[in-house]
Amino acid sequence: MPRASPVVCVALGLAASTLVACGARYARAPVWSAGGIDVALRTQTRHGEPVDRGFAHPVVISGARMAHILSRIEVRKEGDKTDARQPAIPAELVYELGDALALGLGKATPAQDVVAQARRRERQLGIFTQEYLTSVLVYARGDRLHVFLQRLDALVEKTSDLREQPLGEPDPTRLDGHFRVVASEAMTPTSAQEVAVEWRDPIFREATALRVGPDGRVLRRTILMDSPGGELPAAGPADLPPGLSADALRKLSDLEAARERGEISESEYRIRRREIVNGEAP
């Protein structure tokens with residue numbers, strides 16, 4: 001019998017809790033499935049036993065810090081004549097994906113990496129819904145966090161009967177050549193699609209590339225590519241609607257302080273902030 005190709009091998013394996021991909025055998029343990037994001041811990045096995053791959057897991061990292069890391073990863077797209085740097089992860093995904101990956105890293109063992117697939121939906125002509133997929137592999141080795149990107153907001157193709165094409169998990173041995181990650185502060189590319197991150201660096205304490213609007217939506221600041229300083233000033237009080245009461249302003253200040261101390265997740269921060277601004281907070 002002829003041997004299955006790596007692509008077929010991955011696609012068939014996704015239907016089982018144990019998958020075989022490109023000659024390696026993996027067992028998967030789901031840890032997150034919500035909001036279009038699926039995250040699993042993946043263990044390579046040999047003769048039914050887990051292979052210790054030397055990862056520095058578990059890792060205790062906040063969802064907000066993980067999101068700030070994701071928001072700062074930039075790529076250059078193949079064929080872009082301007083050679084401009086572009087954000088790798090859509091802004092609307094980074095906080096939920098950050099929370100999900102942080103949860104996975106906190107549960108992983110030295111034998112497990114963390115794989116994630118995040119879907120973004122977009123309405124077409126007000127009738128059709130099109131999905132776009134971002135897939136990420138994360139693991140810690142030594143003092144650095146490695147982030148491998150397989151797909152970046154890639155269109156999810158459908159067959160003639162409108163069923164989705166099977167999609168494989170992130171695999172560092174398979175590079176698609178459509179983009180290349182670029183170096184930035186505290187981030188060093190280790191391959192065309194992977195960066196090693198000094199994740200404890202103070203630069204990741206704040207969302208220097210993102211802000212949250214009054215309605216709770218995540219907005220990405222304009223980045224001045226390849227220029228000193230690189231970013232516009234942080235958003236200020238102008239983001240708040242006029243006429244907020246002193247009590248609401250106090251609550252917003254307390255909420256901001258709680259976020260900076262890492263006491264709440266970014267998702268919870270955005271929900272509570274929207275409630276305060278809309279007068280819905282208790």
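Buried here means under 20% relative accessible area, exposed means over 50%, and partly exposed covers what lies in between (1.4 Å probe, protein chains only). By that yardstick helix H2 is mostly covered, since 10 of its 10 residues are buried. The list runs Gly63, Ala64, Arg65, Met66, Ala67, His68, Ile69, Leu70, Ser71 and Arg72.

A few ground rules come next. The model is predicted, so local features need pLDDT of at least 70 and side-chain atom pairs count only at pLDDT 80 or more, while totals for chains, interfaces and linings use all residues. Residues are numbered from 1 along each chain as its sequence is written, and side-chain values use heavy atoms, with hydrogens and water left out.

On the whole-chain level, the protein has 5 helices and 14 strands; these are DSSP runs numbered from the N terminus (helices: H or I, at least four residues; strands: E, at least two). It counts 282 residues, 41% of them buried. The accessible surface is about 15000 Å², and carbon and sulfur atoms own 52% of it (Shrake-Rupley method with a 1.4 Å probe; for residues, only the protein chains shown count as cover). As for contacts (heavy atoms within 4.5 Å), 57% of those with a separation of 6 or more join residues 24 or more positions apart.

Now for the interior. A nonpolar core is taken as a set of buried Ala, Val, Leu, Ile, Met, Phe, Trp, Tyr and Cys residues joined through side-chain atoms within 4.5 Å. The largest one holds 44 residues, and Met66, Leu145 and Leu149 touch the most other members. Two or more residues apiece come from strand E3 (37-46), helix H2 (63-72), helix H3 (91-107), strand E7 (112-124), strand E8 (128-141), strand E9 (144-155), strand E10 (179-181) and strand E12 (194-197). H3 gives the most, with 9 residues. Leucine 145 shows what such a position looks like from the inside: leaving out residues up to four places away in sequence, Leu145 touches Ile61, Met66, Ile69, Leu105, Val138, Tyr139, Ala140, Val195, Ala196, Val197 and Trp199. Apart from the largest core lies another, of 8 residues, among them Ala258, Ile264, Tyr269 and Ile276. As a general point, nonpolar side chains in soluble globular proteins tend to be buried together.

Charged residues turn up under cover too. Arginine 120, in strand E7, is buried at a relative accessible area of 11%. Its side chain makes a polar contact with the side chain of aspartate 153 at 2.9 Å. (A polar contact is a pair of N or O atoms within 3.5 Å; within protein, one must be able to donate a hydrogen and the other to accept it, and residues adjacent in sequence count only if both atoms are side-chain atoms.) Not counting residues up to four places away in sequence, arginine 120 touches Pro90, Glu92, Leu93, Gln130, Glu131, Tyr132 and Asp153.

The structure holds 10 salt bridges, each being a side-chain nitrogen of Lys or Arg within 4 Å of a carboxyl oxygen of Asp or Glu. In one of them, aspartate 113 meets arginine 53 at 3.1 Å, N to O. Aspartate 113 sits in strand E7 and arginine 53 in the loop between strand E4 (49-50) and H2, so the pair ties together parts that are 60 residues apart in sequence. Aspartate 113 is buried, with a relative accessible area of 1%, whereas arginine 53 is partly exposed, at 21%.

Another salt bridge belongs to a small piece of sheet. Strands E6, E5 and E10 form an open sheet of 3 strands in the order E6-E5-E10, with antiparallel pairing; two strands pair if DSSP finds at least two bridges between them. Strand E6 (86-87) and E10 are the edges, each pairing on one side only. Between strand E5 (residues 74-77) and E6 there are 2 bridges, and valine 75 has glutamine 86 in E6 as its bridge partner. Here arginine 85 forms a salt bridge with glutamate 74, the closest N and O atoms being 2.8 Å apart. Arginine 85 lies in the loop between E5 and E6 and glutamate 74 in strand E5, so the link spans 11 residues in sequence. Arginine 85 is buried at 15% relative accessibility, and glutamate 74 is buried at 13%.

Helix H4 (residues 246-260) hosts a pair of its own: aspartate 254 and arginine 250 lie 4 residues apart, about one turn of the helix. Their closest N and O atoms are 3.4 Å apart. Aspartate 254 is partly exposed at 44% relative accessibility, and arginine 250 is partly exposed at 44%. A network of salt bridges links Asp247, Arg250, Lys251 and Asp254.
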